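Thanks for sharing this one with me. Here are my notes, point by point, for you to follow with the structure open beside them.

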Amino acid sequence: MPRPLLRAASAVLLTLTVLQTPTAYADETAPVAVTVNARAALASVPETAVGANHAIWDSRLGTDETADLLKDAGVKLLRYPGGSYSDIYHWADHTAPGGYVAPDTDFDTFMRGVRRTGAQPMVTANYGTGTAEEAAAWVRRANVTKGYGVRYWEIGNENYGNGHYGAAWEADDHADKSPAEYARNVVAYSDAMKAVDPTIKIGAVLTTPANWPDALVADGDAGSWNEVVLSTAGPKIDFVILHWYPGAFDRAAQVPDMIQLVRKQIAKHAGAGSERIGIAMTEFNTGSSDRGATTQPGALAAADAYAMLLANGVFTVDWWNVHNGIGKVTEVEGHTDYGDFGLLSSGTCTDGGVCEPAANTPFAPYHALQMVSRFARPGDRFIRAATDQAKVTAHAVRRPDGALAVMLINTSSDTSYPVAIDYSGFSPASGAPTVLTHTNGATSITTSATGDATSRTLPPLSLTTIIVRPASAQAGLPGAPGQPAASAVTDRAATISWPAASAGTRPIAKYEVHLQNGAVSEQIGETAGTSLTVSNLKPGTRHTVNVIARDSGGGVSSPSAPLTFTTGTPASSSCSVRLTKQSDWGSGYVGSIDITNNGAPVSGWTLTFGWPRAWQSLGSGWSAVWTQNGQDVKVVNEPGNGSLATGATATVGYVGNYSGPNVLPEVFTLNGTVCTTR
């Protein structure tokens, strides 16, 4: 987490003469194709979706003005007492030895603000310098004595930053700073806190995939931080905690892999019933204090990341911070950027005399959160949306009343893009939709009823939400089928089962299974029952499906919640491959591949595979001739190891580089045959 900036370092604000590039207007630009698929459902929007962090060093934490601004932004969860301060804070006497505690920031004051905002609280118990007993006493004070009903309790903050992996910023008085010791204490904290109030939810700190120190294994540890923590504490927790400061504005595309990898770790290590464990992003900020933290680029990146995280099932995304303080002052896209990680101005100044706007003035990311909360309301369900232009991003939700909301983000600095929106599984009403817009430098979101549902022109550096009613309201449709599940998953097939949908005015005639392919769905089967075996799937691939009920009159239900599963490789093949990670340093790893010939002897071999993501690449390889073309890798035997007798194994190695979540290759072919991956 960024440190509170009570006095910023010296900065010099330069007056720049900016040569304005002529704006490209709509008649110069081909329309961007936007696809919105109402039958490709993703996660539903939770009550706690849009959140933010409060900190006890912020003197405006408890003011009515701050609470009212957060309420107007749609903030529904507030976290306390503030990042790394959580591990030095003692709630009973409201002290934080070694840190600054502002007046009027105690727990009761925080809770008054939470209630005025209309949000839920999340409290971080002191792991670093506290005890399980202290945390349990806080639960008693909050929920038994005061009746606050605080549901979400974290155990510590970024505790992997305690020096165990080298870097040390998080307070930790434990002699043993390993993940095993943290996990043992999570169990103790959970037991003590739930003994007071068994209804609370306990969260444990994890590392975020591809962010330090993810994947590192320190001396004496049985695995990475996440593996060790989940293996011990998994049965005692209800959610896991991620923090993400991507440091760039183009990282939202990494979110699906990030969340999928965490879910895979939970399923593998947390024990029986691990599907109950949720994922919370309790600190998020674009992390780009010198490239638009308080101006429109940061706002656009924030809206994109919030929507992507929520669409992938994260139950809260909490902005760091409500107030933070001035940082590096620059000029970004025609406006002064104060390098402040806050949603609202702290009204602070640099030593050089450059000052922020008046305290509590909203920065651009505030309007991004406000837009997200108006676009995706609790109870809505995200659906697939995509564009054919890298500078334009689309997200969409379907509302319980049948309406759709589409959020469009134009990240171009100088081009107004016209868009043509195609709706699948939805017919928009004629007439002007409701349109919400936030443009570069604007101090509020504008609302209008203009244009139509299928076309729009997006100004440069803008957020636009279009709310579209259905052409006709159909009564008596079937309910959505229940949550699907997969079984008997092979390399090319899987059996999909689901709870029956409730019938509408007509009986249900059949169910259709739809496979998501980007923002397009492909129907891959139908049945009158509630189970279907689908085939012709691609091996070693993550698949997402939805189930739709159709009644005897042709009426169609909303789609089920999504089911995501991964196909394997052939159960038997003339070859088998084992990929092992031998070491990992967070941006690269050493991989070892054992290639076994299960068929007739071969006198020369070629192994091929593909990197799953564009941010992965080959660094070097040995014991074979390695080449990469695009994302495809070819490994050809050297003169001395080309012969593979039946049952023989050749071992080759490589260095793989990555700059995002590291999804390992799943599918390998040997001389054109798909191998069994072990």
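1. Let me start with a strand pair. Strand E21, residues 494–497, and E24 run antiparallel and are joined by four bridges. If you want a place to begin looking, Ser497 stands opposite Ser531 in E24. Please keep in mind throughout that this is a predicted model.

2. Now for the sheet around that pair. Its three strands form an open sheet in the order E20-E21-E24, and the pairing is antiparallel. Which strands are at the edges? They are strand E20 (485–487) and strand E24 (531–534), each of which pairs on one side only. From one strand to the next, the twist averages 30°.

3. The barrel deserves a view of its own. Eight strands close into it in the order E2-E3-E4-E5-E6-E7-E8-E9, and here the pairing is parallel. On average, neighbouring strands of this sheet are turned by 25° against each other, direction ignored. For one pair in detail, take strand E2 (residues 50–53) and strand E3 (residues 77–80), which pair in the parallel sense over three bridges. Within that pair, Gly51 stands opposite Leu77 in E3.

4. A loop residue next. Gly271 is found between helix H6 (255–269) and strand E8 (278–284), and E8 is one of the barrel strands. How far apart are Gly271 and Leu230 in sequence and in space? They are 41 residues apart along the chain and 8.3 Å apart from C-alpha to C-alpha. Gly271 has a relative accessibility of 37% and counts as partly exposed, because that class takes in values between 20% and 50%.

5. On to the disulfides, of which the structure holds two. With the bonded cysteines of the protein chain numbered in sequence order, the pairing reads 1-2, 3-4.

6. One disulfide joins Cys349 to Cys355, with an S to S distance of 1.9 Å. The angle about its S-S bond is 105°, and the link is right-handed. Are these cysteines buried or partly exposed? Cys349 is partly exposed, with a relative accessible area of 33%, and Cys355 is also partly exposed, at 38%.

7. The other disulfide joins Cys575 to Cys675, S to S 2.1 Å. This link is left-handed, because the torsion about the S-S bond is about -100°. The pair links distant parts of the chain, 100 residues apart: Cys575 is in strand E27 (residues 575–584), while Cys675 is in the loop between strand E35 (673–674) and strand E36 (676–677). Cys575 has 1% relative accessibility and Cys675 has 0%. Both therefore count as buried, a class that means under 20% relative accessible area.

8. Strand E29 (residues 606–610) is a good one to rotate on screen. Which residues make up its covered face, and which its uncovered one? Leu607 and Phe609 are on the covered face, whereas Thr606, Thr608 and Gly610 are on the uncovered one.

9. E29 also has pairings to look at. With strand E32 (residues 632–636) E29 pairs in the antiparallel sense over five bridges, and Gly610 stands opposite Asp632 in E32. Three bridges join E29 to strand E34 (residues 668–670), again running antiparallel. There, Leu607 of the covered face stands opposite Leu670 in E34.

10. Finally, a pocket. The second largest pocket has a volume of about 700 Å³. Its lining comprises 30 residues, and those nearest its centre are Arg398, Gly402, Leu477, Val556 and Ser558. Two elements give two or more residues to this lining, strand E1 (32–44) and strand E12 (381–387). Which element gives the largest share of the lining? E1 does, with three residues.

11. A last remark on the chemistry of that pocket. By class, the lining of the second largest pocket has 13 nonpolar, eleven polar and six charged residues. Among the residues nearest the centre, Leu477 and Val556 belong to the nonpolar class, Arg398 to the charged class, and Gly402 and Ser558 to the polar class.

Technical notes
Residues are numbered from 1 along each chain as its sequence is written. This is a predicted model: local features need pLDDT of at least 70, side-chain atom pairs count only at pLDDT 80 or more; totals for chains, interfaces and linings use all residues. Side-chain values use heavy atoms; hydrogens and water are left out. On a 1 Å grid over the protein atoms alone, a cavity is a set of points where a 1.4 Å probe fits but cannot get out, and a pocket is an open set with protein on both sides within 12 Å along at least five of seven lines; lining residues have an atom within 4 Å of a point. Grid points are joined across faces, edges and corners, and a volume is the space filled by probe spheres set on the points. Two strands pair if DSSP finds at least two bridges between them. Axes are lines fitted to C-alpha atoms, for helices over the stretch in contact, and angles run from 0 to 180 degrees between N-to-C directions. A disulfide is a pair of cysteine sulfur atoms within 2.5 Å. Buried means under 20% relative accessible area, exposed over 50%, partly exposed in between (1.4 Å probe, protein chains only).
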